[in-house]
Amino acid sequence: GEPEVAMPRACGRRAGRRQQMQPLLRCAVVLCAVAWGLVDESGRYRTGGDLSSLAPPEPSDEDKNAAMDLSRQPPEKLFRLLSFELMREERRPGEPPFRIREFQQLTESSCPERVVDMANRAAEVSEALKAYHLNITGTAGLYWLLHEYPEEHSWTWIIAGSHERIMRKVSQHMARITAVALDDRQGCLTPNFRTALMNSVATWRRLAGDHVALLWNGIAFGLLGDVTSWREVDEEGQAANAPGGPPPNVSWSENLIFGNMWASSIQKFAEYHAQEVGQAAYNEVSRMQAGVPPDPSAAKWQQGEGGKLSSFEFLRRQLYGGWPLDKGLLRGLLRHVLQPGYGDEAPPTVADFGAGGGRYSEWLNETGLV
């Protein structure tokens, strides 16, 4: 006789008639056939219908002890773990772009919702970078345990790929901030709140420059660090006295260190950025909820009056070299007006009012004649 099988509803709704039982029985045969054969994670066919046969074995006491100290694991297991980490990094999803629909929804929101969204995004980026940095440093630690196998050079891919992902994540976050700041027709971003964002942009500019310097060193010298400070390192970790020369045999470790230092600085920057923007957002939302208008005196930060530069314009010139310097004028003054004295005569003194960035006074001071 035919075995009794619990039929799924997808095979049929009624079983009162034999002709309606035929498709159900065929479905049951298929289900039984599937239950008697399984394919494991390596694609190998295995007989048996017990799913527990695919479960990993229980960890032994040796594995539990080694889990606390990977240095006690044999190289074969370390290489398998490294391969797993590399494949997981390769399959990691890409950074989601800032899509037009998201931008439209954000610009149609109220002022409190905008500043809160920016604070939340900053916190999300900080947490994501923190978790990613821990994962990458954990993977990089495997190379230290495999230092006796220099033919394993996948650490270069880890450094290049992780830095590219970090740059992309922070750059997209900054692009989102820029889009919101440009489309501020409601005046949601007050000068106080913009100042917190400007501090982050200024710091990010320096860190992005550090990344470009790492790229330049890597392309030019095959090293990420300062090529004039290399030292040969012995087995006890002592550095030789002579600097410079060809790259040492442990350049991979030095490169990992420099790469991790830059990634760590980005993670710390993102953490401080989230705290600063979060506090600024809290102050702005509290002010809005209390019905207090923005501080009118803060308008001078964006607009100058009476010939004076605004505070933001002053900062822009300081950060991006916007102060002009007429060296021809200075040479003429030094030759015909500020003629230096001789002997015991005191050098001429100049008081520079409205000096801006002070570049004229700096140039005169560097001559040693004024």
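This is a short talk on one cavity, one helix pair and one alanine in the structure above. The model is predicted.

I will start with the cavity. Searching the whole structure for cavities of 30 Å³ or more turns up one. Its volume is about 40 Å³. What lines the cavity? The lining consists of Glu85, Arg88, Glu89, Arg92, Asn135, Ile136 and Thr139. By class, that is four charged residues, two polar and one nonpolar. Two helices, H3 (75-90) and H5 (111-145), each contribute at least two of the lining residues.

H5 brings me to the second item, its pairing with H6, residues 155-182. The two axes come within 11 Å and cross at roughly 175°. An angle over 145 degrees counts as roughly antiparallel, so H5 is roughly antiparallel to H6. Which residues meet? On the H5 side they include Arg114, Met118, Val125, Leu129, Tyr132 and Tyr143. On the H6 side, Trp155, Ile158, Arg165, Val170, His173 and Val180 are among them. The contact of H5 with H6 has 14 nonpolar, six charged and four polar residues. Ile136 and Thr139 are in the cavity lining, and both also meet H6 from the H5 side.

Last, alanine 131, which is in H5 as well. Is this residue buried, exposed or in between? Its relative accessible area is 39%. Buried requires under 20% and exposed over 50%, so alanine 131 is partly exposed. Along the chain, alanine 131 and glutamine 267 are 136 residues apart, yet their C-alpha atoms are separated by 9.4 Å.

Technical notes. Residues numbered from 1 in each chain as written. Predicted model: local features only at pLDDT ≥ 70, side-chain atom pairs only at ≥ 80, totals over all residues. Heavy atoms only, no water. 1 Å grid on protein atoms, 1.4 Å probe; cavity = no way out; pocket = protein on both sides within 12 Å on 5 of 7 lines; lining within 4 Å. Points joined across faces, edges and corners; volume = space filled by probe spheres on them. Helix = DSSP H or I, 4+ residues; strand = E, 2+ residues; numbered from the N terminus. Nonpolar A, V, L, I, M, F, W, Y, C, P; charged D, E, K, R; others polar. Buried < 20%, exposed > 50% of the residue type's maximum accessible area, 1.4 Å probe, protein only. Axes fitted to C-alpha atoms, helices over the stretch in contact; angles between N-to-C directions. Parallel < 35°, antiparallel > 145°, perpendicular 65-115°, else oblique. Contact = heavy atoms within 4.5 Å.
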